[in-house]
Amino acid sequence: MDKQAHVTTEQVSYGYSESEIPTEEYALHCHNFYEVYFFLDGDVDYLVEGTQYKPTPNSLLLLSPNVFHGVKINGSRPYKRFSVHFHPDILSVERRVFLLSAFPSFENQPDEKIYYEQVERFGIPDCFEALEDCARKEASLREHLLPVCVEALLARIVSMSDTTGAGFHSTSTDTITGILLYLNRHMKENITLDQLSERFFLSKHHMNKVFRKATGTTVFDYLLHKRVTLAQQLLIEGSSAQEAAAEAGFGDYSSFYRAYTKILGHSPLQDRGVLPSLGNNNGKQFEDVNLRI
């Protein structure tokens, strides 16, 4: 495949990325678009909602919106991957639910499979080659071909998912999974460490320790990223900034504004009522995402 071929539009981005500098920690984040990563080579670890994956060549990772995830590069061997990032609006309405069925929601399907190995058996590289060919086309033709190529890739993934069956065994403990599910299902509510400590029968110190070990961050930082991503989606759908802040679980507007601008790099007012776009963050979100995973 041609590592120079890439394409970025308002709804989808495809391309090759390579990172050589080791990282000491996971570059953790979440956002409101879908991702498909085709891993080629490197010594890295993926961390997705407290579950660690050690990718092998020709493996695939699927990430749904609002899933907390990141990558840690362990050595000097270049981390090489192809990726597709897309908003569901690029998919035809009549096939959208079917094509996204292989992307589980962590909140509702925490044990569903998102990582696949030896995906060449299922023709996945052929779909990336079709995207590569599409990237080289003249702009007007590419505009028509791109949704078709993305749908072809997702259809192949759905077929692969149905063939391979049971999911990957999680490295998270039942306690951490329980805490993560609770946070996702109650993020709009006022959540305190005292409340979590009492609910899961852990001291606050021990809970913070095991949570950071499993997820790479603190309970507060995890909640903050989740709430900001939810608020951004609400703004895109037309809510006012005050409404989005309250609905996403922020106690006051000033704390919401500070968190939003810190994590996304711009004012929440910039996202209100805009069409879903990979460029909603003045390019920052997509520029950063390939460096992160």
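Visitor: What is the area buried between domain 1 and domain 2?
Guide: This is a predicted model. Carbon and sulfur atoms give 59% of the area buried between domain 1 and domain 2. The total is about 1400 Å².

Visitor: Which residues in domain 1 lose the most area to domain 2?
Guide: Three residues together make up 38% of what the domain 1 side buries. They are Asn32, Phe68 and Glu107.

Visitor: Where do the two domains lie along the chain, and how many residues does each bring to the contact?
Guide: The domain assignment gives domain 1 as 6-164 and domain 2 as 175-273. Their centres, taken over C-alpha atoms, are 25 Å apart. The contact takes 14 residues from domain 1 and 17 residues from domain 2.

Visitor: How many residue pairs are in polar contact across the interface of domain 1 and domain 2?
Guide: On the side of domain 1 that touches domain 2, seven residues are nonpolar, five polar and two charged. One salt bridge is found across this interface. The residue pairs in polar contact across the interface number six.

Visitor: Which side chains meet in a salt bridge at 2.5 Å, N to O?
Guide: A salt bridge needs a Lys or Arg side-chain nitrogen within 4 Å of an Asp or Glu carboxyl oxygen. A pair at 2.5 Å meets that rule: Glu49 and Lys226.

Visitor: Is Leu28 buried or exposed?
Guide: Leu28 sits in the loop between strand S2 (12-19) and strand S3 (34-41). Among the residues Leu28 touches are Leu47, Phe68, Thr215 and His225. Buried means under 20% relative accessible area. Leu28 has 15% relative accessibility, so Leu28 counts as buried.

Methods. Residues numbered from 1 in each chain as written. Predicted model: local features only at pLDDT ≥ 70, side-chain atom pairs only at ≥ 80, totals over all residues. Heavy atoms only, no water. Domains from an automatic or database assignment. Contact = heavy atoms within 4.5 Å. Buried area = accessible area lost by both parts, 1.4 Å probe. Polar contact = N/O pair within 3.5 Å; in protein donor to acceptor, adjacent residues only side chain to side chain. Nonpolar A, V, L, I, M, F, W, Y, C, P; charged D, E, K, R; others polar. Helix = DSSP H or I, 4+ residues; strand = E, 2+ residues; numbered from the N terminus. Buried < 20%, exposed > 50% of the residue type's maximum accessible area, 1.4 Å probe, protein only. Lists of a residue's contacts leave out its neighbours within four places in sequence.
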